[in-house]
Amino acid sequence: MQAKPSTRPAVRRCAGIGFLTLALLGAGLPAAVADRPQPDLSRFYRQKPTWTACKGPDMPKDLQCAKVTVPLDYARPRAGTLDIALARYRATGTSQGSVLLNFGGPGGPGVSELASDSREFMDLTNGYDVVTFDPRGVGGSSPVSCGEGGDDASGTTDGTVDLAHPQALLRQLERAAGECARYSGPVLAHIGTVNASRDLDVIRQALGDKRLNYLGFSYGTRLGAVYAAQFPHRVGRFALDGVDTLTEPLSEQGVAGAEGQQTALDDFLDWCTADVACPFGQDRRAAGDQVVRLVNSLDEHPVPTDFGTKFSGQDLVGAIGQALYSKQLWPSLERALASLVQDDDTRGVLNFATGGTGLPVRSGGGPVDPQDVPADNLAAALMAINCADDPDRPDAARITEDLRDLQDRYQQASPVFGRYRLTQLLMCYGRPRGTDFIRDRVKNVDSAKMLLVGTRGDPATPYRWTVETAARLGPSAVVLDNKGDGHTGYTSSVCVHQKIDDFLLYGTLPPSGSSCPADGKDWSASGNTDN
């Protein structure tokens, strides 16, 4: 699922070594496997990060960076390693350890996001070192790539693709999968949430924490849930905001995403047509039809950009989808669409197009120098992680058979976002089958209580996923119902922000099923601008 939204366009202590070794041998493994002798991981759990000032001219002076080393393959820890990039702000109050942040994606780099927009999290430094990381395959942590032109590696955003006869597209996807494997190297075979969760436990130990305290957004909730299933007794205070599904296949996720984005677009058009500057006029029904016609027109006749590329209708759909994550972006979206409609000026809408993750492309500190992070890493990592987490791999015959029915369902879900979401569904074709661990094993978690936040008007992670995931996780899940709009609640609701902070800092949980009102009180506009 999509990452924590940006408001900018574009956008514990170590045990004894002997005891530690015994404890780690079966950590996070299925019971049937844990009974067998396991590789020795103790050398990874003995390391201590060396913190230094983060490199880069735009890095905050008080942000520190480091790395931890993890096995490339946890089943064969001697077969190679990779470095995970970390960043932190030190606690300003009495520290009770660290709280680890994941901003979502998948494919979103944590280091650069924390460096560029940290004020929402500064209250947490009253009790914690606030730490984030670039997951394996992302940003400064052995970034994956699909090579030159990798932003289009899926081959699925071209509005000229004939979904009624997908054979040529499927051949293109197979070639693209091969290119991604060639350019990404060994890390691609070991990417995904199950291994990223095991990396979290190495990070936890390196930070000196007996239990992991964690705040995850969107995809970061999937990562947190997997960690809770693998390491239930190491769960500290977990807050999961914008809860991802653990069970729905990509086909159902796409329908839910198209429906959510269409609802958000309808809300935007309600707002836009009440403004005389709206490029679609003041007739609300006509405005919806104009958006559909604009997308179709750009698919048939893409317009040039300042970068020498063509901007299609599906490119526009992706950009609009990013802008709908937060109402704060609506005025910028209105201006960008006006420039496109009136002057064929794509610069404004291009500011929102980031490859589907909702995070800006920024350089960050860590083991990989900023200039060495591939330009397509966001898109390549999103595809790689989602495919590694999904076990479904229908063959070409099944895809061809089902596509017509799926096309109708997606079109009904959204005349604007349906096609875009449907083509994303095909992104795993030609890639190895993903794990079934998340669907089969992440349930009935015997851990400390976890706070799950769902937002009623979330365009990316529908509220029902919060309810379904809570039921699947079991009694450890406590649900907070945010009655507001937008993707996630921490940065868009004073109430949600306060309840998450109260839980993380003081252990105070709201009653399960309690709610935050849709009062329009945005945290960033509530006087919290000096943090």
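This dialogue reads one helix packing and some aromatic pairs in a predicted model.

Q: What should be known about the model and its numbering?
A: The model is predicted, so local features need pLDDT of at least 70 and side-chain atom pairs count only at pLDDT 80 or more, while totals for chains, interfaces and linings use all residues. Residues are numbered from 1 along each chain as its sequence is written, and side-chain values use heavy atoms, with hydrogens and water left out.

Q: How are two packed helices described, and at what angle do the axes of helix 8 and helix 15 cross?
A: Two packed helices are described by the angle between their axes and the distance between the axes. Here the axes of helix 8 (residues 250-272) and helix 15 (residues 418-425) come within 9 Å and cross at roughly 160 degrees. That makes helix 8 roughly antiparallel to helix 15, a label for angles over 145 degrees.

Q: Which residues of helix 8 and helix 15 meet?
A: Leu-250, Ser-251, Gly-254, Gly-257, Ala-258 and Gln-261 in helix 8 meet Gly-418, Arg-421 and Leu-425 in helix 15, where contact means heavy atoms within 4.5 Å.

Q: How many aromatic pairs does a search of the whole structure find?
A: Rings of Phe, Tyr and Trp (its six-membered ring) pair if their centres lie within 6.5 Å, with planes under 30 degrees apart counted as stacked, over 60 as edge-to-face and the rest as tilted. The search finds 11 aromatic pairs. Phe-103 and Phe-217 are stacked, at 6.5 Å centre to centre and 0 degrees between the planes, and the two residues lie 114 residues apart in the chain.

Conventions:
Axes fitted to C-alpha atoms, helices over the stretch in contact; angles between N-to-C directions. Helix = DSSP H or I, 4+ residues; strand = E, 2+ residues; numbered from the N terminus. Parallel < 35°, antiparallel > 145°, perpendicular 65-115°, else oblique.
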